[in-house]
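Student: I'm new to this one. Could you show me how to read it, feature by feature?

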Amino acid sequence: MRQNETNNKKNVIMSKIDTTAVIHKSTIVEDGATIGKNVTIGPFCVIGKDVTLGDDNIIHSHAVITGKTTIGRGNEIFPFAILGSKPLDKKYAGEDSELIIGDRNQIREHVSITLGTAGGGMVTRVGNDCLFMNGAHISHDAQVGDGVILVTHATLGGHVVVGDGAILGGLAAVHQFVRVGQYAMIGGLSRVVDDVPPFTMANGPDATMQGLNLLGLKRQNIDKQDIKLLQKQLYYLFSKNEKSPKPLDEKLREVSLDKNPLVQKLVDFLQRRTHRGIAGADF
């Protein structure tokens, strides 16, 4: 690769390409694009006119970045990824929606992430330090936190919210409007149609809760006593072994008195439950 010699002075000004960018001569950078410092773009890529690439990004061959897409710094985008394409939503009417991606993400081969829509806040958003493996898909208006991992061909429907550090196994599919909580773990091939609370592990065809994501919490260096307390409260809220079970709202009022920060995050997530409901428990 070498610095693109096809851009004349006028084109460089219009496209706002930093002089340190290295762009293969076969790549198309449309007038209006903004490309930051030390960006490397391989052969046969297409960078649209409304795209902004921050510093230190690496774009491998055959990637397409289009639409009103803003990408932070230090990301690596692999061949055949398509970012910022039109939403897979029949209601989309060409509105000036966006895709915003943060810093230091690894976006592997054939990943697709679409723009937002007027019906979902106009923005699809991805945080920092995520890993999206080959074939993963993030649909319109999804809100993805930091450190999220989507394993091969995992799919997020429209308006999905995924908390920091969550992991979705290969071929897992999340229904539109579902929330996946912080540090949750979704098993491969799972069909996720209900909200999955933070810190939990869900698995199976209908993604039922299997308990805490103990390995994930240990990897985050969560204190053992905090994990034990969180596990106790989770089992109290959802265990099927009670002789006279109380309604979930009554249990939440009791558990909310526990001021442990992790317990409070769990309670807050459950108190804000939506029409999707909460994933059932299998413990």
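Student: Let's start somewhere small. In which loop is Phe 44 found?

Tutor: Keep in mind that this is a predicted model. To place a residue in a loop, look for the strands on either side. Phe 44 sits in the loop between E4 and strand E5 (46-47).

Student: And is Phe 44 buried or exposed?

Tutor: For that, check the relative accessible area: exposed means over 50%. Phe 44 comes out at 51%, so Phe 44 counts as exposed. Have a look at its backbone too: phi is near 60°, a positive value in a residue other than glycine.

Student: Which loop holds Asn 38, and what is its phi?

Tutor: Asn 38 lies between E3 and strand E4 (40-41). Its phi is positive, about 55°, although Asn 38 is not a glycine. With a relative accessible area of 46%, Asn 38 is partly exposed.

Student: Now a residue in a strand. Where does Ile 77 lie, and is it buried or exposed?

Tutor: Ile 77 belongs to strand E10, residues 76-77. Buried means under 20% relative accessible area. Ile 77 has 0%, so Ile 77 is buried.

Student: What is Ile 77 in contact with, apart from its neighbours within four places in sequence?

Tutor: Its partners include Ile 58, Ile 59, His 60 and Ala 63. Ile 65, Ile 71, Leu 83 and Ile 107 are also in contact with Ile 77. As for Asp 31, that residue is 46 residues from Ile 77 in sequence and 21 Å from Ile 77 in space, C-alpha to C-alpha.

Student: How do I read a sheet? What order do the strands of the open sheet of eight have?

Tutor: Walk across the sheet from one edge to the other. The order is E3-E6-E9-E12-E15-E18-E21-E24, and the pairing is parallel. Strand E3 (34-35) and strand E24 (179-180) are the edge strands, each pairing on one side only. For a single pairing, take E15 (residues 123-126) and E18 (residues 143-144): they run parallel and are joined by two bridges. There, Arg 125 stands opposite Gln 143 in E18.

Student: Last one, helices. At what angle do the axes of H3 and H4 cross?

Tutor: Compare their directions. The axes of H3 (residues 224-238) and H4 (residues 248-255) cross at roughly 155° and come within 9 Å. Angles over 145 degrees count as roughly antiparallel, so that is how H3 and H4 run relative to each other. Their crossing is right-handed.

Student: Which residues meet there?

Tutor: From H3, Gln 233, Tyr 236, Leu 237 and Phe 238; from H4, Leu 248, Lys 251, Leu 252, Glu 254 and Val 255. The residues of this contact divide into six nonpolar, one polar and two charged.

Definitions and conventions:
Residues are numbered from 1 along each chain as its sequence is written. This is a predicted model: local features need pLDDT of at least 70, side-chain atom pairs count only at pLDDT 80 or more; totals for chains, interfaces and linings use all residues. Side-chain values use heavy atoms; hydrogens and water are left out. Helices (H or I, at least four residues) and strands (E, at least two) are DSSP runs, numbered from the N terminus. Buried means under 20% relative accessible area, exposed over 50%, partly exposed in between (1.4 Å probe, protein chains only). Contact means heavy atoms within 4.5 Å. Two strands pair if DSSP finds at least two bridges between them. Axes are lines fitted to C-alpha atoms, for helices over the stretch in contact, and angles run from 0 to 180 degrees between N-to-C directions. Angles under 35 degrees count as roughly parallel, over 145 as roughly antiparallel, 65 to 115 as roughly perpendicular and the rest as oblique. A crossing is left-handed if the near helix is turned anticlockwise from the far one by less than a right angle, and right-handed if clockwise. Ala, Val, Leu, Ile, Met, Phe, Trp, Tyr, Cys and Pro count as nonpolar, Asp, Glu, Lys and Arg as charged, and the others, Gly among them, as polar.
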